[in-house]
Structures are given as C-alpha cells and as structure tokens.
Amino acid sequence: MPVPTAPPARIVIVGGSVAGARTAQALRSDGFSGELIVIEPEAGEAYDRPPLSKEYLTGSWSRTQLNLIPGGWAAVDATVIRACASGLDVQEHQVRLSDGQAIRYDALVIATGLSPRRLVADDGESIGHVIGTASDADAVREQLREGRHVVAVGGGFIATETASVARELGLTVTIIDRRSTLLERSLGTVVGAHIAATHREHGVDVRTDARIGSIRRDGSGALITLENGEQIQADVLVAGIGSEPNTAWLHGSGIRIDAGVITDARCRAFGAAGVYALGDVAHFYDVHSAKPRRVGHWTNAADQASVVAHNLLHPENPVGYREAPYFWSDQFGEKIQVAGHPDPDAHVDLLTLDGPAPRRVAIYTHGDDDGCGAVVTFGWPRGMVAARRLMPLEPTTAEMLVELEKLAAGARLASVG
Ligand SMILES: Cc1cc2nc3c(=O)[nH]c(=O)nc-3n(C[C@H](O)[C@H](O)[C@H](O)COP(=O)(O)OP(=O)(O)OC[C@H]3O[C@@H](n4cnc5c(N)ncnc54)[C@H](O)[C@@H]3O)c2cc1C
C-alpha cells in the first residue's frame, strides 16, 4: 500500500456515534483544517449509548446529558449528512448514500458500529424491544412506566442492566438465558454465577439453561414458552441477544470483512488505500493477544479514534493501537469494571480482600505462565485504577494480587516489575 505523504483534504466519517465523534474531535484538536463530513442517519447531536440501559432508562438523565461533543457537530466544524451509507466505490473514492447522492472522500473512516439482533415471534415477525439507540431506550422507558412484568432475554450486559433498572423501578423481572450463568460469554462462569446470585438477591427471577421454544403475541405483551413447556407472560419484552456489525453497505466494495471490518493495528482497513475502521464495527489486529478481535465496548472506540486521527494526519509517523482493554457495567448501584480480556476459559479467583471496607475482585490467570489476563472489580473504582495501571506491565496474578491487597488494606500503590 503506498504511504501518503500529506494529510487528506477531505475526510469522510461514516457513523456519528462515539467512534465517529471522537475521531472528529481528535482530528480538529490535532490541527486538521480540511473538510470534515459525517454521514449519520440519526437526527440530532452525537450521543452516548452506555447510559441508555442505565441512567437514561431509569428516567434520571435527559437526552441532552447524553451529548458526546460539547457544542455539538458545529464545534468541530463538521458537515453532517443525514443519510445511510449504502455502498462504497473504492476506485472512485465515493460513498454512495441511500438518497442517491455520492460523496467523494480523500480519506474514509468507517465507524458504523453494531445493530442489535431482534427476537422473532411465532408469526415470523420481530417482537419485543432492543436497546441500541436513544429512541429504542425511549420506547422501553415508556413501557416500563406501564408494565408490571419485564422479561429480559439474554444474559449479557443489556439484559442484566435492563433487569437492574426495572427492579429499581419496582417491577417484577425475569431473565431468560440459554447459558449456565449470566454474562458467561463475557466474564466466564465464576464471575457470571456471582452476578446471577446478585440478581437473585435483588429479586430477579433468573432462568439460566433456559431455551425459548416459542413466543406468541399476547395483547401488547408476549407469551413465552420455554422448551421445558413452562410459560412466562411478559408485559415488557426486551431482547439482549447480541448484535451484528453494520457492514452490509460495504459488501462488494473490496473492503475485507469477517466478524467486522478487518484492520491492522493502525486501524487501516484491508482492500483499499486511505480507509480506516474503528470501534464496534472493527475486527482489528490486537497486539496484546496477537490475534484479530472485535471489541464492543466504549473505551476501545474512543481510544481507537486517537489512533485513526493521528495516522490520518501524520502518515510519516504512524502509531498502532495498543491500549489494554477496559469496560464497565452498572448494576444495582454497583460499578462492575473490567481491565484486560477476561477469557472465559481462564482460571478465575473470586476474592474478598480485607481492609477498612472489604473489596470484591476477580483475577483471571491465563496460560501456563501465571500471567494476569484480566481483573474485575465490584464497586471499587480505585482498585480498578490500580489494576489498569499495572496491566500494561504484564504482571503475574501473584503480583497483581499483592498490589490490590495492599491497596485494599489502605496502603499506597507500588509499581511492579
Ligand atoms: C444500551 C447500551 C449500553 C452500553 N453500555 C456500555 C457500558 O456500560 N460500557 C461499555 O464499555 N460499553 C457499553 N456499550 C457499548 C458502547 O456504547 C459501544 O462500544 C460504542 O457505542 C461503540 O461506538 P461506535 O461509534 O463504534 O458504534 P455505535 O455507537 O454503534 O455507533 C454507530 C453509528 O453508526 C451509524 N450507522 C450505522 N450504519 C450506518 C450507515 N450505513 N451509514 C451511516 N451511519 C451508520 C449509527 O446510526 C450509529 O450512530 C453499550 C452499548 C449500548 C447500545
């Protein structure tokens, strides 16, 4: 691939959420004075998604509190085109839009994220709610005001956070998950079982190892029949059953796609020059695990934006994406924070560390070298700050534990290595 020698004059960003907005901000703060075009079908300012299943769903946050760019798109001097990208011509350097327009680019940033999968009822039509956008969350919020029994399908973050909010609002809640514990795919069985126990303590009816046989419409709700014949009636049905990368518009363009848009560590897409991809849609080369990865978490999208902006503006001095992964969830008033890749097959120690306040942590040991692969803290942000500071130094589990024990006991953090 020829290396460009000067920054592009016109940068087009497709997708105006975290990855797109943070790229636009990073470009401007790094001195980009060229033309910036953002293609985004949703009206309004760029907004943040994590609160949609948390503060925004409870009703305690307003829409303006979700805004991602202080001052909005105007503050980064971006022209926003309200349309969906429907195709890409890499020879002509053009993005085709659903309204028939073609937008020329010198450099293209793909930031189209994911779309949630939907449940399908017996009649073949989709049923229930998903929470992918602010209007999805508005619809669920409205239903939570009226409903009595909420059924969340799937045991991932969307289902468990929705369950937490619904309990906070005083509704009865059932979670139906086909796996053996909640959050099993993301955090493994040890931490998953702990989180399932927390949900049960808060009155959620957690049905694990439960498979749905059929879903029938029932007034404005649904009647769910499990494969074991049990029936569960839902006033409000919310699906958290995974997502698909928004890559349909790239098919046939030559851009390489598998679990997302394939990129190298510099976030460059394969198949065309001057095309980058980041955030939830990217299947990037992860230098930590030395393999391709798609990460559907906020910090990854925000951090990759700096890499993309830098590489667009400083082609002579490119950088790779090297941040250690981090994500979080809020459930029943407790912040669950995760640093590293919690391999579900790793050995996991779930511990309570002694101190003025007992601290619950989980430490994941990967491979044979006793390396600490990930740390989960429960309601202990300072512990997570310490864990995140240590992770890049590749500590062993014993070293990580010693540092966290000292911190829990009230000591200052020392360095490892
Ligand atoms: C309800 C919810 C709660 C979450 N909670 C957490 C959390 O607690 N912690 C955490 O770490 N992460 C959380 N996440 C994940 C986090 O929000 C995502 O990782 C982040 O939003 C990814 O940003 P993105 O810009 O890559 O993609 P997205 O936010 O998915 O944005 C993609 C954008 O592209 C646009 N788009 C799609 N297709 C096209 C097209 N063809 N043409 C033009 N535009 C298009 C979409 O309209 C959208 O605005 C949550 C996500 C959701 C939905």
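Helix H4 comprises the 13 residues 134-146, and at 1.5 Å a residue it should span 18 Å; the end C-alpha atoms lie 19 Å apart, which agrees with that expectation. The model is predicted. Two elements are described below: the burial and packing of H4, and an open sheet of five strands.

**Helix H4: buried and exposed faces**

- The buried residues of H4 are Ala134, Asp136, Ala137, Val140, Arg141 and Leu144.
- These residues cover an arc of only 145° around the axis and therefore lie on the same side of H4.
- In general, an α-helix has 3.6 residues a turn, so residues three or four places apart point the same way.
- Arg145 and Glu146 are exposed, and they sit on the face of H4 turned away from its buried side.

**Helix H4: packing partners**

- Two helices, H2 (55-58) and H5 (157-168), pack against the buried residues of H4.
- The buried residues of H4 also pack against two strands, S11 (149-153) and S17 (236-239).

**The five-stranded sheet**

- The strand order in this open sheet is S23-S24-S27-S26-S25, and the pairing is antiparallel.
- Strands S23 (326-331) and S25 (347-353) form the edges; each has a single partner strand, so one side of each is left without a neighbour in the sheet.
- On average, neighbouring strands of the sheet are turned by 20° against each other, direction ignored.

**The S23-S24 pair**

- Six bridges join S23 to strand S24 (residues 334-340) in the antiparallel sense.
- Glutamine 331 is placed opposite glutamate 334 in S24.

Definitions and conventions:
Residues numbered from 1 in each chain as written. Predicted model: local features only at pLDDT ≥ 70, side-chain atom pairs only at ≥ 80, totals over all residues. Heavy atoms only, no water. Helix = DSSP H or I, 4+ residues; strand = E, 2+ residues; numbered from the N terminus. Expected span 1.5 Å × (residues − 1). Buried < 20%, exposed > 50% of the residue type's maximum accessible area, 1.4 Å probe, protein only. Arc of directions from axis to C-beta. Contact = heavy atoms within 4.5 Å. Pairing = 2+ DSSP bridges. Axes fitted to C-alpha atoms, helices over the stretch in contact; angles between N-to-C directions.
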